[in-house]
Amino acid sequence: YGKWAKEAASGVKAGFIDLNRLVASKYEAIGPDRVSDFFPVDHTHTNRAGARLNAFTVAEGIRDLKGCRLSAYLSADLKQNAGKPAVKTEFPVTRFGAVGDGKTLNTKAIQAAIDQCFAKGGGTVVIPEGTFLSGAIFLKQGVDLCIDKGGILKGSTTLNDYPVVATRWEGEEQLWTSALVNAFGMNRFKLHGEGTIDGSGEVWVAEGRNRRQQGLSPREAYGRPRLIALQNCSNSEVSGLHLKNQACWCLFILYSDNIRVKDLTIRAEHNIPMSDG
């Protein structure tokens with residue numbers, strides 16, 4: 001096909017991008033392990049990460065075609081980073097045993113996806129369509145988190161599913177309940193998608209009344225998990241998501257620099273206290 005396309009382009013004096021050769025060279029550079037992640041079903045059709053690589057390569061080809069007017073429509077980032085595509089391998093949490101039935105606790109499976117993504121040099125952990133119940137998860141450097149349309153990351157309502165972390169709570173540095181999604185000390189990551197992060201705040205409110213009546217410790221009585229916590233992070237983005245029913249503070253950004261927040265939809269039931277956006 002590549003040979004015929006090149007001959008056809010030559011015959012009508014059209015621009016030609018040798019996509020087969022260009023993609024093959026990229027595959028050789030990133031190695032067989034990461035390339036295999038592009039083909040979860042067969043050896044012909046890629047997943048989203050593979051499609052992104054193909055699309056990026058087409059854009060590079062347009063950029064490098066002499067006299068091609070389409071190059072005017074390329075992003076400034078593509079022009080500035082010629083020859084340096086950011087190939088992001090995808091790690092669907094279902095590959096690590098997560099079940100989107102709204103009942104199975106998936107904390108270990110989702111964290112395993114994050115850990116494996118980190119160990120393989122980075123990429124994107126994906127929450128696909130379905131409702132994935134989880135306790136606190138902790139992102140790592142080089143790991144993006146994408147929640148697909150129809151996907152829901154739903155917070156567990158068991159306090160023990162949220163370990164204590166060093167953070168800031170009510171103006172004081174102290175050990176306090178971790179958030180559902182935690183990013184500490186990270187640079188250049190994205191938390192994004194068209195899906196939803198649901199903190200199950202309405203359930204926390206109902207159970208909180210019982211905890212206070214039992215005379216428990218302040219954390220046990222009031223330590224509801226925040227939805228998203230970014231601490232000591234930089235040059236990162238939170239975008240596109242639907243954030244829902246945070247048990248308390250929704251998007252908490254602490255000691256961080258150049259965090260871009262855009263296109264979020266934030267909603268909470270009116271009876272959830274401290275559910276600031």
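**View 1. Thr167, tucked into strand S8 and buried at a relative accessible area of 2%.** "Buried" here means under 20% relative accessible area, with exposed over 50% and partly exposed in between (1.4 Å probe, protein chains only). Strand S8 covers residues 164-169; strands are DSSP runs of E with at least two residues, helices are runs of H or I with at least four, and both are numbered from the N terminus. This is a predicted model, where local features need pLDDT of at least 70 and side-chain atom pairs count only at pLDDT 80 or more, while totals for chains, interfaces and linings use all residues. Residues are numbered from 1 along each chain as its sequence is written, and side-chain values use heavy atoms, with hydrogens and water left out.

The side chain of Thr167 reaches the side chain of Arg226 in a polar contact of 3.4 Å. For that label, a pair of N or O atoms has to lie within 3.5 Å; within protein, one must be able to donate a hydrogen and the other to accept it, and residues adjacent in sequence count only if both atoms are side-chain atoms. Skip the neighbours within four places in sequence, and Thr167 is in contact (heavy atoms within 4.5 Å) with Glu172, Glu173, Gln174, Trp176, Arg226, Gln231, Phe252 and Leu254.

**View 2. Glu173 and Arg168 in a salt bridge.** Glu173, one of the residues in contact with Thr167, pairs with Arg168 at 3.7 Å, N to O. A salt bridge means a side-chain nitrogen of Lys or Arg within 4 Å of a carboxyl oxygen of Asp or Glu. Glu173 is exposed at 51% relative accessible area, while Arg168 comes out as partly exposed at 30%. The structure holds ten salt bridges.

**View 3. Glu237 and Lys190, a salt bridge between distant parts of the chain.** The closest N and O atoms of this pair are 3.8 Å apart. Glu237 sits in strand S14 (residues 234-239) and Lys190 in strand S11 (residues 190-193), with the two positions 47 residues apart in numbering. Glu237 is buried, with a relative accessible area of 13%, whereas Lys190 is partly exposed at 33%.

**View 4. A shared-partner network, plus the Asp18 and Arg21 pair.** Lys26, Glu60, Arg63 and Asp64 are joined into one network by salt bridges that share partners. Asp18 and Arg21 also meet through their side chains in a salt bridge, at 3.6 Å from N to O. Of these two, Asp18 is partly exposed at 23% and Arg21 is exposed at 52%. As a reminder, side chains of opposite charge can pair when their charged atoms come close.

**View 5. Tyr27 against Phe38, a tilted aromatic pair.** Searching the whole structure turns up eight aromatic pairs. Rings of Phe, Tyr and Trp (its six-membered ring) pair if their centres lie within 6.5 Å; planes under 30 degrees apart are stacked, over 60 edge-to-face, and the rest tilted. Tyr27 and Phe38 have ring centres 5.9 Å apart and planes at 40°, so the pair is tilted. This pair links distant parts of the chain, eleven residues apart: Tyr27 is in helix H2 (residues 19-30), and Phe38 is in the loop between helix H3 (32-36) and helix H4 (48-64). Both partners are buried, Tyr27 at 18% and Phe38 at 0%.

**View 6. The aromatic cluster of Trp169, Trp176, Trp249 and Phe252.** Trp249 and Phe252 make a tilted pair within it, at 5.2 Å centre to centre and 45° between the planes. Trp249 is buried, and Phe252 is too. Trp176 and Phe252 also turn up among the contacts of Thr167.

**View 7. Cys248 and the missing disulfide.** Why is there no bond at Cys248? The closest cysteine sulfur, in Cys250, is 9.9 Å from the sulfur of Cys248, too far for a bond. A disulfide calls for a pair of cysteine sulfur atoms within 2.5 Å, and by this rule the count is zero. Cys248 is buried, at 1% relative accessibility.

**View 8. Asn245 and Asn258, with positive phi.** Most residues other than glycine have a negative phi. Asn245 has a positive phi of about 50°, and Asn258 has one near 60°. Asn245 lies in the loop between strand S15 (242-244) and strand S16 (251-254) and is buried at 5%. Asn258 lies in strand S17 (residues 257-262) and is exposed at 52%.
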